[in-house]
Amino acid sequence: MEALPGRARALVAGVALLGLLCLLPPPGAPVPWGAVALLAALYGGCERLARSRLVGTPHPGGAFYPVLLAGAFLLPESAAALAALPGALLVPAALRPYPARRLWRAGRLVLAVWAASRVHRTTGGRDAVADCDVPLALGTAGAAVLAFCLVLTLLDGAVLAPTGGAPLRRGGRAAGPAARWRLFLRSLAPITVHGLAGLMMALLWRSPYGPVAALLVLLPMGVSWWAFAQYHRERAAHRATIRALVQAVDIKDGYTRGHSERVGQASMMIARELGMDDERVETLRFAGILHDVGKLGVPTRLLTKDGPLTPEERRVIELHPEYGHEMVRGISFLGEARAAVLHHHERLDGTGYPYGLAGGQIPESARVVAVADAFDAMTSTRSYSRARPVPVALEELQRCAGSHFDPRMVAALVRVIGRAGWRPAVTADDVRARAVPAPTGPVADRPGARR
């Protein structure tokens, strides 16, 4: 735990201590050791299998929850929580610090299972499962799943703040209420499916067929787990492809290194501010990241030239959207991002390139990326221009809204930057950049601009 901040260590220790308290059975209460041992072995085995070469990649949904939730529906609180402990502690952690991550994983699962079991018992779920009252069992299981998901979300959100945004679990982004709410909604659907499978296990367990029949539920769940893991592997391959293309552009055009990632981030911020769904937000992030991939087809001497370009050189530069579109048009998963790569230099008044589209003719994705691209270009130091302060760049975007840029996209960026802020990055040699005066007009208007 030495690599964690003090507050994070205290949080991990506190969760572990609470977890230990949850494992204590009430005085005089019998512990169903056989059921606990069987469920603990099943959970540990499923976790091992999920991280094996057979699956090929860790499942993005986290732990194999059906077994844990079946325990919450069948056993007393402390016994159900105990079934989660061996697997959580023994399955290897993916990242350092390993002991802290294992301890955190065990503590959060013990607390979540204990809470789910307590809610299930309080709402009459044990009797519903014992009597095979399916309608009532569904309702009580739903309440238990909500409690399970809520505890996980609160703990995951709590650990992000003291770790500075570097969560102990993968996939965390921020610790604010909005981020926690998104995390809760995103995890609720898959955990609900796991809860239904756990309820089926519990009902079969209490039926005349016994625990052996309950184990059959794991087969279709395992198949679906494997299929979704393969889908996740394919998405990981897509991201690797995008990273390789962006790295190639960064190596070729060193002055704009990091520009693509920042444009992707700004595009994502605009999309979220406009209320787009998560899938479109991700697509627009790809669009921002890949918008300049066509520079791979532009001579390096033009990309790294100091000072203005000649008209002939500018015409060569202006071919990069078409080059980029040719490179990515066969990548089907990019969707509307491909149109953004082609049209991100179009302007609302029709004076842009490569096709001089105007107004609504320009795809929405391209209008988002155009604003994000211009904003980062103005707030980053290049060989041909010095960075502007963020407020000045936003004022320039607002001045050009309606002529060059879509006013909706500009307003969305202004709002989100006003709330969240922005860290402009210097992407050129500082010494050389200091000799270049700040431009007096929008970057897109300069004869030698190479955005």
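Is Thr283 buried or exposed? At 14% relative accessibility, Thr283 counts as buried, because the cut-off for that class is under 20%. The legends below refer to a predicted model.

**Figure 1. Overview of the chain.**
The secondary structure of this predicted model consists of 20 helices and 0 strands. Of the 451 residues in the chain, 50% are buried. Among contacts with a separation of 6 or more, 73% are between residues 24 or more positions apart. The exposed surface of the chain is about 20400 Å², and 63% of that area comes from carbon and sulfur atoms.

**Figure 2. Spans listed as "transmembrane region".**
An unreviewed UniProt entry lists residues 64–91, 140–162, 183–205 and 211–229 under this name. Two of the listed spans are described here. Residues 64–91 are 86% helix and 0% strand, and the C-alpha atoms at the ends of this span lie 12 Å apart. Residues 183–205 are 100% helix and 0% strand, with end C-alpha atoms 32 Å apart.

**Figure 3. Surroundings of Val145 in helix α7.**
Val145 belongs to helix α7, which covers residues 134–160. Its relative accessible area is 4%, so Val145 is buried. Leaving out residues up to four places away in sequence, Val145 touches Leu69, Ile191, Thr192 and Gly195. For one of these partners, Gly195, the C-alpha to C-alpha distance from Val145 is 6.2 Å, at a sequence separation of 50 residues. Leu69 falls in the UniProt span 64–91, and Ile191, Thr192 and Gly195 fall in the span 183–205.

**Figure 4. Surroundings of Trp114 in helix α5.**
Trp114 is part of helix α5, residues 98–122. With 26% relative accessibility, Trp114 counts as partly exposed, because this class lies between the buried limit of 20% and the exposed limit of 50%. Residues up to four places away in sequence aside, Trp114 touches Cys22, Glu77, Ser78 and Ala81. The C-alpha atoms of Trp114 and Ala81 are 5.3 Å apart, while the two residues are 33 positions apart in sequence.

**Figure 5. Contact of helices α11 and α19.**
Helix α11 spans residues 259–273 and helix α19 spans residues 407–420. Their axes come within 9 Å and cross at roughly 100°. Angles of 65 to 115 degrees count as roughly perpendicular, and α11 and α19 are therefore roughly perpendicular to each other. From α11, the residues in contact are Met269, Ile270 and Glu273. From α19, they are Met409, Ala412, Leu413, Arg415, Val416, Ile417 and Arg419. The residues of this contact divide into 7 nonpolar, no polar and 3 charged.

**Figure 6. Surroundings of Ala266 in helix α11.**
Ala266 lies in helix α11. Its relative accessibility is 0%, so Ala266 counts as buried. Apart from neighbours within four places in sequence, Ala266 is in contact with Ala372 and Trp422. The C-alpha atoms of Ala266 and Val416 are separated by 9.4 Å, and these residues are 150 positions apart along the chain. Val416 is one of the α19 residues in the contact with α11.

**Figure 7. Met276 and Thr283, between and within helices.**
Met276 is found in the loop between α11 and α12. At 13% relative accessibility, Met276 counts as buried. Its contacts, neighbours within four places in sequence aside, are with Ala271, Val281, Leu284, Glu364 and Val368. Thr283 is located in helix α12, residues 278–290. With the same kind of neighbours left aside, Thr283 is in contact with Leu334, Glu336 and Ala337.

**Figure 8. Backbone geometry at Cys132 and Pro354.**
Cys132 is in the loop between α6 (125–130) and α7. Phi of Cys132 is near 55°, a positive value in a residue other than glycine. The relative accessible area of Cys132 is 40%, so this residue is partly exposed. Pro354 sits in the loop between α16 (337–343) and α17 (364–378). The peptide bond leading from Tyr353 to Pro354 is cis, with omega near 15°.

Key: Residues numbered from 1 in each chain as written. Predicted model: local features only at pLDDT ≥ 70, side-chain atom pairs only at ≥ 80, totals over all residues. Heavy atoms only, no water. Axes fitted to C-alpha atoms, helices over the stretch in contact; angles between N-to-C directions. Helix = DSSP H or I, 4+ residues; strand = E, 2+ residues; numbered from the N terminus. Parallel < 35°, antiparallel > 145°, perpendicular 65-115°, else oblique. Contact = heavy atoms within 4.5 Å. Nonpolar A, V, L, I, M, F, W, Y, C, P; charged D, E, K, R; others polar. UniProt positions renumbered as here; feature names shortened; annotations may be inferred. Buried < 20%, exposed > 50% of the residue type's maximum accessible area, 1.4 Å probe, protein only. Areas by Shrake-Rupley, 256 points an atom, 1.4 Å probe, with all protein chains shown as cover.
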